[in-house]
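Colleague: Could you take a close look at a single part of this model for me, and then follow the connections outward from there into the rest of the structure? I would like one continuous account.

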Protein chains: 2
Amino acid sequence: MATELRTVLVVGTGLIGTSLALALRRKDVRVLLADRDPGAVRLARELGAGEEWQPGGQDDGPAADLAVIAVPPGQVAAELLELQKRGVARFYTDVASVKAEPIEQAARLGCDLAAYVASHPLAGRERSGPGAARADLFLGRPWAYCPTGEASGEAVAAVLRLIELCGANPVEVDAADHDRAVAVVSHAPHVAASAVAARLADASDVALGLAGQGVRDVTRIAGGDPGLWLGILSGNAAPVAEVLEAVSRDLADAASALRALAEGDGTAGGEVTQLLKRGVAGHGRIPGKHGGPAPAYVVVQVVIGDRPGQLARLFQVCDEVGVNVEDVRLEHAPGLPLGVAELSVQPDSAARLSQALVERGWQVP
Amino acid sequence: MATELRTVLVVGTGLIGTSLALALRRKDVRVLLADRDPGAVRLARELGAGEEWQPGGQDDGPAADLAVIAVPPGQVAAELLELQKRGVARFYTDVASVKAEPIEQAARLGCDLAAYVASHPLAGRERSGPGAARADLFLGRPWAYCPTGEASGEAVAAVLRLIELCGANPVEVDAADHDRAVAVVSHAPHVAASAVAARLADASDVALGLAGQGVRDVTRIAGGDPGLWLGILSGNAAPVAEVLEAVSRDLADAASALRALAEGDGTAGGEVTQLLKRGVAGHGRIPGKHGGPAPAYVVVQVVIGDRPGQLARLFQVCDEVGVNVEDVRLEHAPGLPLGVAELSVQPDSAARLSQALVERGWQVP
């Protein structure tokens with residue numbers, strides 16, 4: 001079968017390369033591992049991600065059905081050219097988080113674009129390197145792929161098979177559209193979170209003492225590795241800049257309107273309201289857990305003590321009454337060993353769950 | 001005893017007023033309810049928040065030990081003046097989210113500042129009105145109070161007793177400091193989240209399809225009620241504007257640096273890195289669950305199926321091996337009925353928990 005992948009070569013055994021190697025090994029695909037850093041290959045191999053690639057002569061024919069180039073965006077095209085010159089695989093893809101520039105570079109360098117389909121799994125972790133790899137990193141995640149007009153049907157089929165083997169959801173998208181998309185849903189939000197968090201660096205201890213869940217959520221991703229993120233942002237610089245300019249403008253306008261309000265111009269509130277309303281509209285467009293629009297779960301709140309066994313007993317009750325918990329959030333109670341668990345459940349389960357909890361002595365406010 | 005609160009008058013039975021009335025009722029405090037909207041008082045009463053206030057003559061003496069003014073910031077001072085003229089309570093506080101302006105207005109109007117201590121519980125919900133009230137809304141939350149130099153010791157003690165009865169943590173803070181603090185940890189982050197979410201309103205369906213957990217967290221609070229938030233922002237306009245101007249400037253600078261990078265100026269990355277690093281520093285200052293600095297929990301990841309009972313069994317294992325789960329997050333797997341539970345535990349518990357889970361057949365990547 002044209003799309004069967006018996007052997008896959010993974011070039012670059014960082015977080016993404018090693019994770020997909022692990023996923024392929026689970027499906028009994030033979031995986032060959034390569035990295036400029038021999039230590040990274042060794043660690044990946046020890047984790048069970050495959051065997052070290054021993055490049056043979058060109059006469060041996062392609063070593064792999066598919067070569068996956070898992071290196072930083074700026075190095076993808078050069079790596080592709082070298083691998084194609086050596087004829088190491090029948091088909092090629094990459095997994096960099098930026099797509100337009102590597103494809104353009106590959107075209108300029110004269111790579112064989114019939115055998116190459118660029119792709120990008122939308123998955124990551126706050127940690128990096130092969131040691132952080134997980135076979136299930138791509139499970140249920142979107143995986144963008146960007147075939148050019150020159151890509152062969154077989155090359156596309158090979159990449160689709162890779163995505164399928166990793167348990168991800170293929171999303172076909174034009175490279176430039178992809179880059180604009182990740183700028184707005186990933187790269188620019190990261191920088192915005194950093195800018196909000198940066199204000200906390202200079203804030204008073206009193207201010208930090210008044211911090212609640214809202215600012216925790218807004219700034220969570222700001223804890224990511226600056227070096228890694230500079231690489232991502234640099235590779236998608238223009239689309240990210242465009243989004244950041246728009247966000248910056250909106251915030252400057254909101255600030256001006258608030259200044260006018262502070263000076264007694266009551267009409268200035270309209271502009272702030274418009275921004276808040278656009279925010280509500282945008283927030284409402286984010287798909288929910290299962291890919292569709294966010295379902296209207298009902299949140300059941302339960303007061304819990306901070307000691308072992310409480311959550312087990314709580315979920316035991318959910319189980320007993322046959323209620324599926326779609327999401328759970330622990331509301332922190334700064335300074336007190338108490339908190340509130342917020343259980344998201346289907347609307348028709350909420351009353352049943354609340355009643356069952358109350359009957360068993362739980363405090364359901 | 002000077003600080004005992006036998007009767008409390010709550011003026012304004014919205015979310016905050018009704019919630020604190022419910023909390024006081026649990027402690028057997030007599031609560032009198034008032035609101036300009038008779039429907040709101042009726043609903044609060046039906047929820048068990050207290051009895052409707054029947055104003056008597058001035059000769060009857062103060063009806064309450066403490067009056068809590070739970071109205072929008074712009075109406076606090078006028079309400080305080082009216083209540084004090086009628087002598088309805090021995091002491092007075094308010095619970096508005098802005099503090100400097102109401103206090104200044106009260107001074108200008110000639111209110112009795114010896115009997116008044118402004119305060120602000122740092123608690124809220126995305127829903128509003130008496131129907132969303134919860135007796136435990138303030139449990140473990142910070143509650144700022146801002147005594148002026150004129151406030152009597154008895155007035156301060158009365159407010160401290162209120163905070164204690166509601167289960168919150170009192171934080172004494174100067175009014176202007178309070179307003180700057182909430183601007184940076186609450187009000188400005190809300191507007192920033194709205195501005196990021198506003199970009200999603202115009203984004204392509206493809207872009208939304210590539211949205212992950214990061215942008216979900218950054219924009220969660222952007223779903224809040226625009227009308228309510230305009231009121232909050234208007235009342236703290238200048239401090240919020242100052243923070244937003246700084247965030248806007250940082251984002252504009254990052255955008256310029258990225259534009260320079262896109263045009264080949266490799267030195268421009270330094271500015272972006274600086275912002276990302278300041279973000280990491282600020283993020284690291286947010287206190288953790290128990291009020292101190294965020295402890296270094298270790299995250300144990302477990303693959304879970306999307307069916308009833310999975311979480312109960314998972315927490316059962318934690319219980320069996322005596323591991324306390326400090327926090328839990330469900331990683332959504334868009335499009336697939338699978339996910340990853342991330343359990344935050346003490347560093348010395350992680351290995352034990354992982355081993356126990358693996359032994360019982362759980363997939364711990």
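Modeller: In this predicted model, Thr273(A) counts as partly exposed, because 15 C-beta neighbours lie inside 10 Å of that residue, and the class of partly exposed residues falls between the limits of 12 or fewer for exposed and 20 or more for buried. The residue has its place in helix α11 of chain A, which spans residues 269–284. Once its neighbours within four places in sequence are left aside, Thr273(A) is in contact with Pro226(B) and Leu230(B). As for its own chain, Ala252(A) is 21 residues away from Thr273(A) along the sequence, and the two C-alpha atoms are separated by 14 Å.

The contacts of Thr273(A) with chain B lead on to the contact between the two chains, to which chain A gives 118 residues and chain B gives 117. On the side of chain B that touches chain A, the largest share comes from helix α6(B), residues 175–201, with 20 residues. Sorted by class, that side of chain B holds 74 nonpolar, 26 polar and 17 charged residues.

A residue of chain B makes a useful counterpart to Thr273(A). Ser354(B), found in helix α13 of chain B (residues 347–359), counts as partly exposed because it has 19 C-beta neighbours inside 10 Å, where 20 or more would make a residue buried. Not counting residues up to four places away in sequence, Ser354(B) touches Val300(B) and Val364(B); the C-alpha atoms of Ser354(B) and Val364(B) are 6.7 Å apart, with their positions 10 residues apart in sequence.

Turning to the interior, nonpolar side chains tend to be buried together in soluble globular proteins. Here the largest nonpolar core has 219 residues, and Val68(A) and Val68(B) are those with the most contacts inside it. Beyond its neighbours within four places in sequence, Val68(A) is in contact with residues that include Val8(A), Leu9(A), Val10(A), Val11(A), Thr93(A) and Leu162(A). A second core, separate from that one, has 34 residues and includes Leu343(A) together with Val303(B), Val340(B) and Leu357(B).

The surroundings of Val68(A) are easier to read against the sheet of chain A, an open sheet of 5 strands with parallel pairing and the order β3-β2-β1-β4-β5. Because β3 (51–52) and β5 (89–94) of chain A stand at the edges with a single partner strand each, one side of each is left without a neighbour in the sheet. Even so, 6 of the 6 residues of β5(A) are buried, so this strand is largely enclosed by the rest of the structure. Within the sheet, β1(A), residues 7–11, runs parallel to β4(A), residues 64–69, and is joined to it by 4 bridges, with Val8(A) having Leu66(A) as its bridge partner in β4(A). Helix α5(A), residues 153–165, packs on the sheet, where it touches β4(A) and β5(A) and makes an angle of about 60° with the direction of β5(A).

The pairing of β4(A) with β5(A) is also parallel and runs over 5 bridges, and Ala64(A) has Ala89(A) as its bridge partner in β5(A). Together with helix α3(A), residues 76–86, these two strands make a right-handed β-α-β unit. Towards the other edge, helix α2(A), residues 38–46, lies across β2(A), residues 30–34, and β3(A), and runs at about 155° to β2(A).

Notes
Residues are numbered from 1 along each chain as its sequence is written. Chains are lettered from A and ligands numbered from 1 in the order in which they are written. This is a predicted model: local features need pLDDT of at least 70, side-chain atom pairs count only at pLDDT 80 or more; totals for chains, interfaces and linings use all residues. Two strands pair if DSSP finds at least two bridges between them. Two residues are in contact if their C-beta atoms, placed from the backbone, lie within 7 Å. Axes are lines fitted to C-alpha atoms, for helices over the stretch in contact, and angles run from 0 to 180 degrees between N-to-C directions. Ala, Val, Leu, Ile, Met, Phe, Trp, Tyr, Cys and Pro count as nonpolar, Asp, Glu, Lys and Arg as charged, and the others, Gly among them, as polar. A nonpolar core is a set of buried Ala, Val, Leu, Ile, Met, Phe, Trp, Tyr and Cys residues joined through C-beta atoms within 7 Å. A crossover is right-handed if, with the strands pointing away from the viewer, the path from the first strand over the helix to the second runs clockwise.
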